[in-house]
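Please open the model in your viewer and keep the selection panel at hand. The stops below say what to select next and what is there.

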Amino acid sequence: MSSNEHSISLRVNGREVSAEAPARMHAADFLRHRLGLTGTHVGCEQGVCGMCTILLDGEAVKSCLLLAMQLEGADVRTVESLAEDDRLSDLQAAFKKRHALQCGFCTPGFLMLATGLKSSGRKFSRDEIRGELSGVLCRCTGYDGIVRAVEDYLGDGEAVG
Amino acid sequence: MSAVAAQRSLIGASLPRKEDDRLLRGDGCFTDDVQSAHQLEMAVGRCPFPHAEIRGLDVSPALALAGVEHILTGADVRALSAPLTVLRPVPGAPELPYYALAGERAIHEGQPVVSVVATSRALAEDALELIDIDYEPLPHVTDTLQALAEDAPVLHPGVLDSNLLARHEDRAGVPEERMAEADIVVGERFRINRVTAMAMEGRGVVARWRPGARQLSVYASTQTPHLLRHQLAESLRLDEGCIRVAASDVGGGFGQKLGIYPEDLLAALHAMALGRPVKWIEDRLEYFRASTHAREAVFDFAIGARTDGEISAITNRYTTDLGAWNSSFGSAQLSSVVFTGPYKLADAVAERRVAVTNKTPIGAYRGYGQPEVNFAREVLIDRLARRLGLDALEFRERNMLRPEDLPWKTPSGAVYDSGDYVKTLRMAGEAVGYAAHRAAPRRADGDGRLKGIGFASFVERTGYASARFLANRGSIFGAHESVTLRANRSGDIDLYTGVSTFGQGSETAFAQICAEILAVDYESIHVHAGDTASSPLNTGAFASRTLIAAAGAIREAADELRGKALRIAAWVLETAPEALEVSGQVVRLRDDHSRSLALSDIFTRAIIGQGIPPEETPGLEASAHYAPDEAAFSFGTAAAVVAADPESGEFSVDRLVMVHDCGTAVNPLLVEGQVLGGLVQGLGAALSEDLIYDPDTGQLVSGSMLDYFMPTAADVPPIELLHSEIPSPVTSFGERGVGEVGTIPPAAALANALCDALSEFGVELSRLPLTPESVWRALKNAKGANP
């Protein structure tokens, strides 16, 4: 390890982990290439596309805009935490049912963003969902399936507002 | 329900996608997820000027940096490899030798000049900073038409004496005479914006060379593994047998990931020099300059008609912008094929000129010339209707081909197979309440906005009309798809295809067709996609052709495999194959279900060659190649409803309706997803996406995600999809291609809706994208012309 590597300890998907990272490495690269959690994707590295969205202490954030070292002591959730054993979570199942993914590259970003919305406990209208989801880009689906899947998940299948 | 009837329901069923579970769990395998032991990473230094002489290049300070392993320059690349080859050359054009790194001159911003491999991408980028390159900027040209002016700098001297790469004409009848005789002719210059496909995963490649085995393994984000393998072999001067290309999950393609790019070759060259795996992952800023752009063209389009509303001729003279080089698929060619659309006329000409400019090369992108020419024609159809005092919808209907006119050979030579074009027009009109809109007095709403409705009809070429057609157009690939089916001892089927998975759902659709023909469970089909080491040679996924061609191959292979399995079962059960049926993973007597044999039993017998009829050979595997004889033409009409402010030019898109016929839908869920996704891409290109080059500096000024506005979830208006399902007579199951259609009509429908809303001001729109500013300028022009 070269001298500019720093040790980082954090909680990821419920497990305490510790790994080294260069000072300039961003958090998405750290999760992917140092912790092997390749479900978090990188699409622009300037905070626009949202592929790299994770939950940081319960908040949805774009991990390409954080340095790995900012994760010290944090509680992080990534897409790998959603399914239990072989069973998709309700959110994942809603995406499957609504054909809310095609190439699947953006999907982890939307899933983590929606997980964050759910944990906020708020109710969202369809327009508000569309607004919230504009933080992650998708080029395949045209968004309709994603909006419906998230609506299913947040409102237990019924539109609200 | 009989087993046969139950199985029949597989085609046409919205089955859950095979691809979904792994992608939903973050367990896809995209290129950057491939991690090899002892892997190194590559970064590419790119020319910052649109046109520059490279006078010198000193890599020694970079080589001295700890962690830097290898550097390639233009001179190295010329010594080690041949130029990149082109899959779809421009017919009649000379070759423009294109090496992976620039030599003495670079001719677009972002052209690769030097590449560095180091222990990490970050270190490789540090090394690039240390490389001193002596550039001498040269005069440049970025405008498509100015590139053809006499005083423009010639970008490929020695090969061309101007920037006109080629000129090509498709004609039928006597269009010039018909134009001269026409009661009215409307013509306009239309400018189509330069856009990019914007796959969420950029390109990427991991190359590994084992010198002892002479094996190059390449993982790449590509739509065409077998074609990439062929092109790598050509440029590396290696036998194809030394190369394996695999694409597991690809994060979007849309035509942009067809064929070889310089970085594919560079990663291979570094890996071969070092004997270690080399990874390159395109970053988004590189993407905007290094991955092919699309669409940009200037159309001089004219339509002649009689006063009674019959179209008599079309002339379509256009210049398409190639950018600096001919990329693998070059510039779009279909603007010369479908330019007469769904209309019945015999006299038409399309003249295509291809211009070279100091910009990123143009390549294939969803629609490939069809959205461009659709905009020109359909906007002009409306304008002509207004001049004639005819209703835009009635004018279209009057001139449309009728079902009984088909098959119809268009002036371009394309043969429309079947369809009911008028029906889609009427459906669109009804869906948006056009009759009521026409009848109602034109009044502004509370915001002072005026409502407008616009239509755009289209016919889309999907699939290729045989390899013969492709040969005539100079393409270096076939029209076929292929598949290998292999029974396994679990009683399941392994399906091997060279079609990589990039969101189109081919794993799902292929499994549906295969399960249907074999009468086995959908879950028992295991699709293995995109690896040249295991799949039969194929063409690749583009041109809305994959399912059309693959369906035929799957049917042939499945019939062969099924025939042998039933012969073995009949021998064991002492009956005739015709007396058997497959159901629930067993083969049984149709008349006596108690006499049956599990598929796992039959497959095991065949695989080990024990307990099979003496005349049968061991093994249970079938491969088939299938090329359709004809292209299938999908068709439809889109309608847009807008509200526009006649003062500011601001507008909202309130509704978008798409009536579309893709023949038999193998999986309606996938069809909707393809059409909707394409529509939103078409919407982005129509309203906001624009790759703008500053004419003075030649720099791309909208080359980041912050400056290039692809639609977000909040930007998409309500969209309704309506289907007509007329099976095509030229495909295996009556299907037509569906991958690109959504991109074709939105721009024209929106422009026509805006012109309808602002008709009292005489607004005319002729360039893309359609922005509030462009509408405001059109209003200003119209008011200037009609004070």
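Select helix α7 of chain B, residues 225-236, where 9 of the 12 residues are buried, leaving the helix mostly covered; buried here means that 20 or more other C-beta atoms lie within 10 Å of the residue's own, whereas 12 or fewer make a residue exposed and counts in between make it partly exposed, with C-beta atoms placed from the backbone. This is a predicted model, in which local features need pLDDT of at least 70 and side-chain atom pairs count only at pLDDT 80 or more, while totals for chains, interfaces and linings use all residues. For your selections, residues are numbered from 1 along each chain as its sequence is written, and chains are lettered from A and ligands numbered from 1 in the order in which they are written. Helices (H or I, at least four residues) and strands (E, at least two) are DSSP runs numbered from the N terminus.

Staying with α7(B), colour its buried residues, which are B:Pro225, B:His226, B:Leu227, B:Leu228, B:Arg229, B:His230, B:Gln231, B:Leu232 and B:Ser235. If you then add β10 (215-220), β11 (243-246) and α8 (262-274) of chain B, you have the elements against which those buried residues pack. From its first C-alpha to its last the helix reaches 16 Å, close to the 16 Å expected at 1.5 Å a residue for its 12 residues, the expected span being 1.5 Å times one less than the number of residues. Just past the end of α7(B), click on B:Arg237, whose phi is positive at about 55 degrees.

Two further positive phi values sit in loops of chain B, and both are worth a click. B:Met198, with phi near 60 degrees and not a glycine, lies in the loop between β8 (184-192) and β9 (204-210), and it is buried, with 24 other C-beta atoms within 10 Å. B:Ala543 likewise has a positive phi, of about 60 degrees, although it is not a glycine; it is found in the loop between β21 (525-529) and α16 of chain B, and it counts as buried with 25 C-beta neighbours inside 10 Å.

From there, select α16 (residues 546-573) and α17 (residues 599-608) of chain B, whose axes come within 10 Å and cross at roughly 100 degrees. That angle makes α16(B) roughly perpendicular to α17(B). The axes are lines fitted to C-alpha atoms, for helices over the stretch in contact, and angles run from 0 to 180 degrees between N-to-C directions; under 35 degrees counts as roughly parallel, over 145 as roughly antiparallel, 65 to 115 as roughly perpendicular, and the rest as oblique. Show B:Lys564, B:Ala565, B:Ile568 and B:Ala569 of α16(B) with B:Ile602, B:Arg605 and B:Ala606 of α17(B), since these residues make the contact, where contact means C-beta atoms, placed from the backbone, within 7 Å.

Next, take α11 (residues 392-399) and α12 (residues 421-431) of chain B, whose axes come within 10 Å and cross at roughly 165 degrees. The two helices are therefore roughly antiparallel. On the α11(B) side, B:Leu393, B:Arg396 and B:Glu397 make the contact, and on the α12(B) side B:Val422, B:Leu425 and B:Gly429 do.

Follow the chain into the loop between α11 and β16 (408-409) of chain B, where B:Pro407 lies; the peptide bond from B:Leu406 to B:Pro407 is cis, with omega near 0 degrees. Another cis peptide bond, with omega about 0 degrees, joins B:Leu768 and B:Pro769, and B:Pro769 is in the loop between α19 (746-757) and α20 (772-785) of chain B.

Finally, turn to the interface, where 42 residues of chain A are in contact with 42 residues of chain B. On the chain A side, the elements giving two or more residues are α2 (90-97), α3 (107-120), α4 (126-133) and α5 (144-155), and α5(A) supplies the largest share, 4 residues. Select α5(A) last: 11 of its 12 residues are buried, so it is largely enclosed by the rest of the structure. What covers its buried residues includes α2, α3 and α4 of chain A together with α18 (668-687) and β28 (719-724) of chain B.

Key
Two residues are in contact if their C-beta atoms, placed from the backbone, lie within 7 Å.
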